[in-house]
Amino acid sequence: MRYQQQIEDLYERNSGFPSVVQAIRDLKQNPRVLIFSHHDLDGITSAFILKRMLERLKGAEVVVRMPQHFKLWEQTLVEALEQEGRFDMLIISDKGTFEYYDSLLKHIEPIVIIDHHQLDGRPQKCLLFNPTVQNSDYASACALLCHMIAKKLTEVDRYDDFAALVGCRGDFAFDPVGKTAAEFTKPFLDYVRSVFPNLLEVRSGRPTMYDIVDRTRTALINQIGEVLQVGTIAHFYKDMLNIDVVSGPRLVLEFLLELVDRGVDPKQIRTVREFLGTKPKGMILSTVFEQYKEDWDLLEARTENPVYLGEVRGVGIYLLFAREAKAMERAPFPAILPFVASTKLEVFKRRGGHPHAAVIVFCPKERGVHISMRGGGGIINCGKICFEVARRLQSRYPGYSGIGGGGHARAAELLADKPVPMYAVMHELLFAIEQLIEVAKALDRGELEPEKLKLAEAFGLE
Ligand SMILES: [Mn+2]
């Protein structure tokens, strides 16, 4: 299907799409719009596309905020409104689809949610565009949805195309080296390939954090994606590298906006060095990237020797106990270590002779224990397992709010803040994995006792 056709189809099938488009169209001229976007690459590029579109279309004054937590907290919104004054619209992009967002309408109206995550209750009063929930076809990246909205409302340019591609890259929606892509991304990718062949060409070079299966080749979009991804954590390197960065996500957003001002043509870029240029923001990104590569090498050494926990239906489960790079010990989200661990999945799989592998990273940090789980080949469910372990920990520490876990089938997180002791987290984790291995075996033998089925369901085993 052609990309334009996909947009028209979605516009017909998804009632949220036209309602969001209409709300933006109905804005008066020169409105003030507040955007809260996710602090990752997809969120930043979503904000980039929305901001430029609103400026072009309505002469809007747009304020973008990208705090370091996923769900938009009421407190954070109230503070922003106190500091920035009145707005004619709030857009929440790539920050989840929470029913709770309806309750924010007492502070600002209308609220537009653009998102591609699974549902957490259905907001009724906010305007929602989320094909993952509304049409149950997994929408690869929020930036792509923003690109579609922009195309419906106005002309998009090559910077919008470029931003949407970077957003898709950040959210693993395609792999130019392995030549795979999520269904939802394919029409856009076909279109982009004709516009920016230079970005998608397979080339030799240092493998990036995105080159998970084939560690011998890469592509310029992967290299650019990695440099920008590292830029989002630049503020953690502030003291170590003596650089002037308050917020990594803001640095990346402003760098992208400067590309437009400088008239850099994404079609003409051949190398990362060319992409970064010689202006201050590009130089900071380059400095941070050099340190990151050193940290990556250090973490690769730390992930050499995992503990093999066992196999579940052909999935070898491996445990890594490792610290983050020094500057990242304060990061409240997956910084570098889980990305390094992802690139080890193929190695562990091959070495162990399993059809698939999963890796559990057990990482002591400043705030407590951070577990990241990756892989599983679609056979075991990382999100369900992290959720279940977190639930058990919560019942051990009732009333304590610093424990949480969950995520997607192939990538999930668990956080247990201090004072929950490290050994308690390890205990629950190892016990749960032992149970998972046992219950899968029992089920495959045809033992279907209710308590076993209940366990299997909790772990997300079919
Ligand atoms: Mn996203």
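Visitor: How far apart are the centres of domain 2 and domain 3?
Guide: In this predicted model, the centres of domain 2 and domain 3, taken over C-alpha atoms, are separated by 29 Å. The contact between them takes 15 residues from domain 2 and 15 residues from domain 3.

Visitor: And which helix gives the largest share of the domain 2 side?
Guide: That is helix 14 (residues 280–302), which contributes 7 residues to the side of domain 2 that touches domain 3. By class, the residues on that side of domain 2 divide into 12 nonpolar, no polar and 3 charged.

Visitor: Where do the domains start and stop in the chain?
Guide: The domain assignment gives domain 1 as 3–168 + 181–198, domain 2 as 202–301 and domain 3 as 304–459.

Visitor: Switching to the core, which residues touch the most other members?
Guide: In the largest nonpolar core, which has 143 residues, they are Ile-336, Val-359 and Cys-386.

Visitor: What does Ile-336 touch, then?
Guide: Leaving out residues up to four places away in sequence, Ile-336 touches Tyr-292, Asp-295, Trp-296, Leu-299, Glu-324, Ala-325 and Met-328.

Visitor: Now the helices: at what angle do helix 7 and helix 10 cross?
Guide: The axes of helix 7 (residues 158–170) and helix 10 (residues 220–231) cross at roughly 80 degrees and come within 10 Å. Since angles of 65 to 115 degrees count as roughly perpendicular, helix 7 is therefore roughly perpendicular to helix 10.

Visitor: Which residues make that contact?
Guide: Helix 7 supplies Leu-165, Val-166, Arg-169 and Gly-170, while helix 10 supplies Ile-221, Asn-222, Ile-224, Gly-225, Leu-228 and Gln-229. By class, this contact has 5 nonpolar, 4 polar and 1 charged residues.

Notes: Residues are numbered from 1 along each chain as its sequence is written. This is a predicted model: local features need pLDDT of at least 70, side-chain atom pairs count only at pLDDT 80 or more; totals for chains, interfaces and linings use all residues. Domain bounds come from an automatic or database domain assignment. Two residues are in contact if their C-beta atoms, placed from the backbone, lie within 7 Å. Helices (H or I, at least four residues) and strands (E, at least two) are DSSP runs, numbered from the N terminus. Ala, Val, Leu, Ile, Met, Phe, Trp, Tyr, Cys and Pro count as nonpolar, Asp, Glu, Lys and Arg as charged, and the others, Gly among them, as polar. A nonpolar core is a set of buried Ala, Val, Leu, Ile, Met, Phe, Trp, Tyr and Cys residues joined through C-beta atoms within 7 Å. A residue is buried if 20 or more other C-beta atoms lie within 10 Å of its own, exposed if 12 or fewer, and partly exposed in between; C-beta atoms are placed from the backbone. Axes are lines fitted to C-alpha atoms, for helices over the stretch in contact, and angles run from 0 to 180 degrees between N-to-C directions. Angles under 35 degrees count as roughly parallel, over 145 as roughly antiparallel, 65 to 115 as roughly perpendicular and the rest as oblique.
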